[in-house]
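Reader: I should like a close look at a single part of this model. Please describe its surroundings and then set it beside the rest of the chain.

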Amino acid sequence: MEILKQRVEQALSLTNDFYNHINDGCLSLRISGVPSNTIGEQAYCIIGARESYLKALKVGQWDEEAFSKN
């Protein structure tokens with residue numbers, strides 16, 4: 001469990017670094033040459049994924065239906 005905790009903390013730290021260093025103008029950009037959402041839309045998905053993963057860790061299982069309602 002300790003390794004999982006370390007990896008979650010590292011992922012949260014790296015995500016925090018990303019949000020602290022990206023400027024607002026970059027959020028509307030897209031990755032060129034491939035179909036993609038904007039950087040801002042992708043960042044929003046990261047937040048949602050982090051929230052879902054933490055909920056799953058708390059309850060000890062993945063409940064896709066419950067997590068998608070929040």
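Author: A contact here means that heavy atoms lie within 4.5 Å of each other. The model is predicted, and the part chosen for the close look is T38. By this contact criterion, T38 touches L27, S28, L29 and R30, leaving aside residues up to four places away in sequence.

T38 itself is found in the loop between α1 and α2, the latter helix spanning residues 39–59. Is T38 buried or exposed? Its relative accessibility is 12%, and because buried means under 20% relative accessible area, T38 counts as buried.

The two helices on either side of this loop also meet in a surface feature. M1, I3, L4, L12, L54 and L57 make a nonpolar surface patch of about 550 Å². Both α1 and α2 supply at least two residues of this patch, and α1 gives the most, with three residues. One of the patch members, L54, lies in helix α2. Whereas T38 is buried, L54 is partly exposed, its relative accessible area being 34%.

As to confidence, the mean pLDDT of the protein is 86, with 91% of its residues reaching 70 or more. Among the elements, helix α1 (residues 2–21) has the highest mean pLDDT, 88, and helix α3 (residues 64–68) the lowest, 65. Where pLDDT is low, predicted coordinates should not be read in detail.

Definitions and conventions
Residues are numbered from 1 along each chain as its sequence is written. This is a predicted model: local features need pLDDT of at least 70, side-chain atom pairs count only at pLDDT 80 or more; totals for chains, interfaces and linings use all residues. Side-chain values use heavy atoms; hydrogens and water are left out. pLDDT is the predictor's confidence in each residue, from 0 to 100. Helices (H or I, at least four residues) and strands (E, at least two) are DSSP runs, numbered from the N terminus. Buried means under 20% relative accessible area, exposed over 50%, partly exposed in between (1.4 Å probe, protein chains only). Patches are made of residues with over 30% relative accessible area and no salt bridge: like charges are joined within 9 Å, nonpolar side chains (Val, Leu, Ile, Met, Phe, Trp, Tyr) within 5 Å. Accessible areas come from the Shrake-Rupley method with a 1.4 Å probe; for residues, only the protein chains shown count as cover. A salt bridge is a side-chain nitrogen of Lys or Arg within 4 Å of a carboxyl oxygen of Asp or Glu.
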